[in-house]
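This briefing sets out selected features of one protein model. The sequence and the structure are shown first, followed by notes grouped by topic.

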Amino acid sequence: MGGIVGIILGVLAVILLFKMIKIIPEQEAYIIERFGKYQKTIYAGFHLIVPVIQRAAYRHILKEEVIDVPPQTCITKDNVQVEVDGILYLRVVDPSKASYGIENYRFATAQLAQTTMRSEMGKIDLDKSFSERDKLNASIVRAVDEASDPWGIKVTRYEIRDITPSKTVQDAMEKQVRAEREKRAEILKSEGEKVARINKSIGEKEEAVNMSKGERQRKMSEAEGRSKAIELIAMATAKGIKQIAAAIQQPRGKSAVSLRIAEQFIAEFGTILSRADTSVLPSDIANLKGMLRSLVAGTGKESDVLKEIVKERPGKEKIV
């Protein structure tokens with residue numbers, strides 16, 4: 001009998017020992033009460049508590065927690081109804097306040113975040129609510145953090161997940177976006193056409209300038225060519241005159257020149273007569289004969305020259 005009692009006492013002692021041992025993991029905290037009254041907060045490590053007298057009333061996780069804030073309907077400053085939801089990040093910094101300051105700090109902070117979000121959305125227009133999310137998040141965090149400070153809660157950040165306007169507002173926004181997109185397309189098209197016209201006019205201007213330069217260069221080249229030709233002709237004429245003058249100085253040079261002049265005169269005179277239907281000779285033809293005689297005097301060909309003047313032409317009237 002005594003052995004059985006001893007075994008029972010031993011088992012009870014072991015059970016009591018396990019009840020006294022409390023090993024707390026990292027980033028957790030326990031609230032210890034003694035006879036139902038807060039005594040202390042114990043953190044990660046090995047601890048002993050006295051059964052029946054002490055008990056672990058609350059257990060808190062000190063890591064950052066994520067709370068999903070349910071969607072709610074808000075009215076913006078420009079009276080647009082939208083549905084907004086978000087995510088709240090918080091952690092327990094004072095386990096005793098979190099245990100005795102409020103019944104359920106998670107639910108309370110979520111409700112507080114919703115209330116603050118409705119208030120902040122009512123301060124701005126719908127268009128700004130999309131572009132000023134960071135400002136909204138900061139305002140909600142600041143408001144919720146100040147309100148939850150007595151609960152031993154630290155709100156680290158809040159993120160608006162979705163801002164969903166009503167179907168009517170979405171249709172209106174789509175039309176607005178489409179109109180804005182078409183307007184931008186028209187502006188870009190007109191700017192493109194403007195640039196194209198400018199480029200075309202610049203191209204035409206450069207083309208005209210190049211053509212003008214080319215024409216000027218062509219005329220300059222032609223003028224230089226004509227100038228060079230005139231110069232060469234003048235040099236050749238001067239050279240010919242020099243040679244003629246030298247030839248005249250030779251014996252019987254003057255007679256040769258006179259004969260050459262007479263031949264040219266006769267040739268040109270014959271050409272004029274051959275082209276005319278009616279030929280009229282000057283009345284003082286004797287003077288012409290005298291002039292020719294003076295030109296060919298001394299050449300020995302006077303009779304041949306005169307024959308050329310008085311010869312008849314077939315199909316023409318006889319020279320009088």
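Val5 belongs to helix H1, which spans residues 2-20. The model is predicted, and the points below address the surface around this residue, an open sheet and the largest nonpolar core.

**Helix H1 and a nonpolar surface patch**
- Val5 has a relative accessible area of 39%, and because this value falls between the limits of 20% for buried and 50% for exposed, Val5 is classed as partly exposed.
- Val5 also contributes to a nonpolar surface patch of about 740 Å².
- The other contributors to this patch are Ile4, Ile7, Ile8, Leu9, Val11, Leu12 and Ile15.

**The open sheet**
- Three strands form an open sheet in the order S3-S2-S5, and their pairing is antiparallel.
- Strands S3 (37-42) and S5 (54-61) are the edges; each has a single partner strand, so one side of each lacks a neighbour in the sheet.
- On average, neighbouring strands of this sheet are turned by 25° against each other, with direction ignored.
- Strand S2 (residues 28-34) runs antiparallel to S3 and is joined to it by five bridges.
- Across from Ile42 in S3 stands Tyr30.

**The largest nonpolar core**
- The largest nonpolar core holds 32 residues, of which Val82, Val84, Leu88, Met121, Ile153 and Tyr158 touch the most other members.
- Two or more residues each come from strand S6 (65-75), strand S7 (81-92), helix H3 (105-121), helix H5 (133-148) and strand S8 (153-165).
- Helix H3 supplies the largest share of this core, with six residues.

Definitions and conventions:
Residues numbered from 1 in each chain as written. Predicted model: local features only at pLDDT ≥ 70, side-chain atom pairs only at ≥ 80, totals over all residues. Heavy atoms only, no water. Pairing = 2+ DSSP bridges. Helix = DSSP H or I, 4+ residues; strand = E, 2+ residues; numbered from the N terminus. Axes fitted to C-alpha atoms, helices over the stretch in contact; angles between N-to-C directions. Patch = residues over 30% accessible without salt bridge, like charges linked within 9 Å, V, L, I, M, F, W, Y side chains within 5 Å. Areas by Shrake-Rupley, 256 points an atom, 1.4 Å probe, with all protein chains shown as cover. Salt bridge = Lys/Arg side-chain N within 4 Å of Asp/Glu carboxyl O. Buried < 20%, exposed > 50% of the residue type's maximum accessible area, 1.4 Å probe, protein only. Core = buried A, V, L, I, M, F, W, Y, C linked by side-chain atoms within 4.5 Å.
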